[in-house]
Structure formats: C-alpha cells, structure tokens
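Reader: I'd like to go through the charged side chains in this one with you. Could you take my questions one at a time?

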Amino acid sequence: MYVIREFEDAIDDCNVQCDPSVNCNDDAVHAWDEGVAFYTGSLEGSDGSGDGYLLYSLADKRCQNFKTCGPKGDSTSGTAKINIDIFSEFASGQMNLNLGNCEAARENKNRISQLMGVPLIQGVLRYAHKIDSLEDTSEKSRAEGAVFAAAILPRLHACSPGDAATLYNNMGVGATSTSLSAVRSAFERNLACMGIQGSDVGGIYDAEAGAYFKHASPLNDNKSSGGSGKLGIILGSVFGAIALLSLIFMAYMMRREKEGRPVFKNPEEELA
C-alpha cells in the first residue's frame, strides 16, 4: 500500500553521509511524513481522537473487539496498542533519517509493515467468528471477511502456501464453509514468520460477558513454526496492497454503475 511506498521512497532518498546540521535529508523526512499521513488520514485530528477511514481508524476499531487497546493492550477502549507501537516506530524512523541512519530507518519500516498486518488478521478472525460461531452467513459478513482475507493472504502465503490455502478456502469469495478453528490455526502457525505475537492480535472479546467468546481466546504463540519473516513482509505487503486496491476499485466501479455513471462507457454511446 501507499504508506509503505512512501517509506521506501524516504529510505531511497536517505543520505548516509548527511550532516544533520545542514538538513540534507529533508527530502527523506518529507517522504516519511507523507507515509505517516497516509496511514493516519486527515480526519483523526491532531490527537487521534477523530473518526477517520484509514488504517489508524481500523486499528482503533478492531482493538475494541479484541481487547488490545491502550498502552498495555489490555483494554476495550482508547487508542489501539498497535497504533501506539507504530507511532513509536514512526518517530524513531524520522529521527534515523534526520541522522542519516538509513539502515536503521529500514528496520523501522520493516517493523511497521509487520504491525500493520495485525488489524487485518483481527478483521479475518472477527468475521470468521461471525460466520462460524454466530452463524451470520449474510452477504455483508462474507464479503468483509473476504476483503480482510485478500489483504493478508499474500503475507501468509509467503510464510506457508498451505496455510494460505486454508485461509482462502475458508474465507475467500465463494467459500462453501468457514471454520474459525482452521483459520486461527493457520495464523498461529505463522505468527513468528510474520513478526507478530499472539498478544498483538488478542482474542474476540465479549464485553457484556466480560470474557472471551468460546474458541476465540487470544492467539497462541507456541503453535508458531518460526522462521524469518522479512521476505514475507516485503512480498506480502506488495501483493496485499494490490489485492486490497483491486477490491476497492471494483467497489467503486459498482457504485458508479448503480448511479448511472459507469467508469467505462461504450464508445458508441459517447458518440451518440
């Protein structure tokens, strides 16, 4: 997605030999700041208390469902711990670019990429739970589950093609059945590879009962198969962005079609 593209641009512009006193890494810092802006959006306000539509807002919404809000990630209200952690990496990356610590900034970017996957996993699990456990087989739940799955599938595939197939078969468009247990296990086996901990994701929390839903407790790190996740992060982020943007464009075209303003028109109609 474009957030990562801006961070990559910032690292490309980074000058190792830069003297911080002459601001020679201004271009790199500017690109980095643009990446932060694309992650957050303009509607969040200066303190993040607004109601936006981008990734920052998604993380805040999902933390309420998974009890991962707050500095300790143990609350159902407030700022998502993932957002707190990501903004710490934003600040560190900006500092590293100013100082010409280009490789350190790349490590910040890699960690941000890992953490950005958490709300996507939470989204998949939330709708797998709705479909399987709550028997909500509505078109809306299936569609939202499929969108979240499409966004995280490339990263999971980079770690384990077999587990990616399991996720697709359970949550993809046209899936004939959905097993929350199978989806959970597919993620749990690859947490280390994706650079994510079970506590980052949490579990699906029933606020009224004050407990996690049955079969929806926080993900278990002990089932992870381990492995290096840097290649998976890079490839997964790229292909996940392509998949997510494709779905957004398809939805845009469908809305235009319903409004009688199709994106692509018949040439004969244009000449009429």
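Reader: Let's start with glutamate 6: buried or exposed?

Author: First, a caveat: this is a predicted model, where local features need pLDDT of at least 70, side-chain atom pairs count only at pLDDT 80 or more, and totals for chains, interfaces and linings use all residues. Residues are numbered from 1 along each chain as its sequence is written, and side-chain values use heavy atoms, with hydrogens and water left out. The scale here is relative accessible area, with buried meaning under 20%, exposed over 50%, and partly exposed in between (1.4 Å probe, protein chains only). At 2%, glutamate 6 is buried.

Reader: Which residue does glutamate 6 meet in a salt bridge at 3.6 Å, N to O?

Author: A salt bridge here is a side-chain nitrogen of Lys or Arg within 4 Å of a carboxyl oxygen of Asp or Glu. The partner has 42% relative accessibility, so it counts as partly exposed. With 3.6 Å from N to O, the side chain that meets glutamate 6 is that of arginine 5.

Reader: How many residues apart are arginine 5 and aspartate 9 in helix α1?

Author: These two also form a salt bridge, with the closest N and O atoms 3.9 Å apart. Aspartate 9 is partly exposed, at a relative accessible area of 24%. Both sit in helix α1 (residues 2-13), helices being DSSP runs of H or I with at least four residues, and strands runs of E with at least two, numbered from the N terminus. About one helical turn separates the pair because they are apart by 4 residues.

Reader: Which residues are linked with Arg5 in a network of salt bridges?

Author: Arginine 5 has a salt bridge with glutamate 6, and another with aspartate 9. The residues linked with Arg5 in the network are Glu6 and Asp9.

Reader: How far along the chain are glutamate 8 and lysine 109 from each other?

Author: Their side chains meet in a salt bridge at 2.8 Å, N to O. The pair links distant parts of the chain, with glutamate 8 in helix α1 and lysine 109 in helix α5 (residues 102-116), and the two are apart by 101 residues.

Reader: Of glutamate 8 and lysine 109, which is buried?

Author: Glutamate 8 has 24% relative accessibility, so it counts as partly exposed. At a relative accessible area of 3%, the buried one is lysine 109.

Reader: And how many salt bridges does a search of the whole structure find?

Author: For context, the protein chain has 13 helices and 2 strands. Of its 272 residues, 45% count as buried. Across the whole structure, the number of salt bridges found is 8.
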